[in-house]
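Me: I am new to this structure and should be grateful for a close look at a single part of it. Please examine how strands are paired, and then connect that part with its surroundings in one continuous account.

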Amino acid sequence: MSKMEKNGMEKLAKVLDLRMGEHSGGGFSFDFGVIKKDYSLVSNTFPLPIPKKDYSVCRLLANLSTNVSGGTHGGHNSGTGSHSHKVVMPKLKPGDRVLIVWVEGEPVVIDVVVKASGL
């Protein structure tokens with residue numbers, strides 16, 4: 001690691017330490033942020049990129065899949081018409097504007113935010 005990289009990491013560590021101190025004692029706050037090209041996170045109140053390995057993502061944004069089943073409908077010759085589907089949740093992508101909750105100093109991306117005009 002070069003001296004410049006080391007200095008940058010030390011500055012980031014100091015800022016993270018300050019940020020965590022603001023939220024110690026079990027507190028939390030909400031924030032907005034943006035996912036950058038390298039999947040780092042930049043929030044409105046924390047302008048330095050937070051590497052992907054240093055923030056958490058709620059499972060609905062982690063590209064997981066879940067089974068959705070149930071329901072009945074007519075039109076089948078036999079059975080109830082019950083069925084299931086595998087649904088893949090949306091994955092975060094660069095440029096996504098996100099809602100963040102800071103929990104005891106840890107940023108957690110909880111959802112993607114879109115403008116109402118785009119609906």
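Reply: Two strands are said to pair if DSSP finds at least two bridges between them. The model discussed here is a predicted one. With that definition, one may begin with β1, residues 28–35, which pairs with β2 in the antiparallel sense over three bridges. Within this pairing, valine 34 stands opposite valine 42 in β2.

The wider setting comes next. The chain has 119 residues, of which 21% count as buried. Its secondary structure consists of one helix and seven strands, arranged along the sequence as α-β-β-β-β-β-β-β. Among the contacts with a separation of 6 or more, 54% join residues that lie 24 or more positions apart.

Five strands make up an open sheet of mixed pairing, in the order β2-β1-β6-β7-β3. Its edges are formed by β2 (41–43) and β3 (56–57), each of which pairs on one side only. Crossing the sheet from β2, one meets β1 and then β6. β1 and β6 are joined in the antiparallel sense over seven bridges, and here aspartate 31 is placed opposite isoleucine 100 of β6. The next pairing, between β6 and β7, is again antiparallel and has six bridges; in it valine 101 faces valine 108 in β7. In general, the side chains of a regular strand alternate between the two faces of the sheet.

β6 and β7 also form a hairpin with two residues between the strands, in which glutamate 104 adopts a positive phi near 50 degrees. Glutamate 104 belongs to the loop between β6 and β7 (106–112). Is glutamate 104 buried or exposed? Glutamate 104 counts as exposed because its relative accessibility is 53%, and the cut-off for exposed is over 50%. In sequence, glutamate 104 is 76 residues from phenylalanine 28, yet the two C-alpha atoms are 6.2 Å apart in space.

At the other end of β6 (97–103), the loop that leads from β5 (83–88) contains aspartate 96. What does aspartate 96 touch beyond its neighbours within four places in sequence? The contacts are with Gly33, Val34, Ile35, Lys91 and Val112. Val34 has already appeared as the residue opposite valine 42 in β2. Aspartate 96 is classed as buried because its relative accessible area is 8%, and the limit for buried is under 20%.

Two salt bridges are found in the whole structure, and aspartate 96 takes part in one of them, with its side chain meeting that of lysine 93 at 3.0 Å, N to O. Side chains of opposite charge can pair in this way when their charged atoms come close. A polar atom of the aspartate 96 side chain also lies 2.9 Å from the backbone nitrogen of lysine 93. Unlike buried aspartate 96, lysine 93 is partly exposed, at 47% relative accessible area. The other salt bridge links aspartate 54 with lysine 53, where the closest N and O atoms are 3.3 Å apart. Aspartate 54 is partly exposed at 31%, while lysine 53 is exposed at 70%.

The rings deserve attention as well. The structure holds one aromatic pair. It consists of phenylalanine 46 and tryptophan 102, whose ring centres are 6.0 Å apart and whose planes stand at 65 degrees, so the pair is edge-to-face. The two rings join distant parts of the chain, since phenylalanine 46 lies in the loop between β2 and β3 and tryptophan 102 in strand β6, 56 residues apart. Both phenylalanine 46 and tryptophan 102 are buried.

Charged groups are also placed over rings. The charged end of arginine 97 sits over the ring of phenylalanine 32, 4.4 Å from the ring centre. In a further case, lysine 52 lies over the face of tyrosine 39, at 5.1 Å from the centre of that ring.

How values were computed. Residues are numbered from 1 along each chain as its sequence is written. This is a predicted model: local features need pLDDT of at least 70, side-chain atom pairs count only at pLDDT 80 or more; totals for chains, interfaces and linings use all residues. Side-chain values use heavy atoms; hydrogens and water are left out. Helices (H or I, at least four residues) and strands (E, at least two) are DSSP runs, numbered from the N terminus. Buried means under 20% relative accessible area, exposed over 50%, partly exposed in between (1.4 Å probe, protein chains only). A polar contact is a pair of N or O atoms within 3.5 Å; within protein, one must be able to donate a hydrogen and the other to accept it, and residues adjacent in sequence count only if both atoms are side-chain atoms. Contact means heavy atoms within 4.5 Å. A salt bridge is a side-chain nitrogen of Lys or Arg within 4 Å of a carboxyl oxygen of Asp or Glu. Rings of Phe, Tyr and Trp (its six-membered ring) pair if their centres lie within 6.5 Å; planes under 30 degrees apart count as stacked, over 60 as edge-to-face and the rest as tilted. A charge sits over a ring if NZ of Lys or CZ of Arg is within 6 Å of the ring centre and within 35 degrees of the ring normal.
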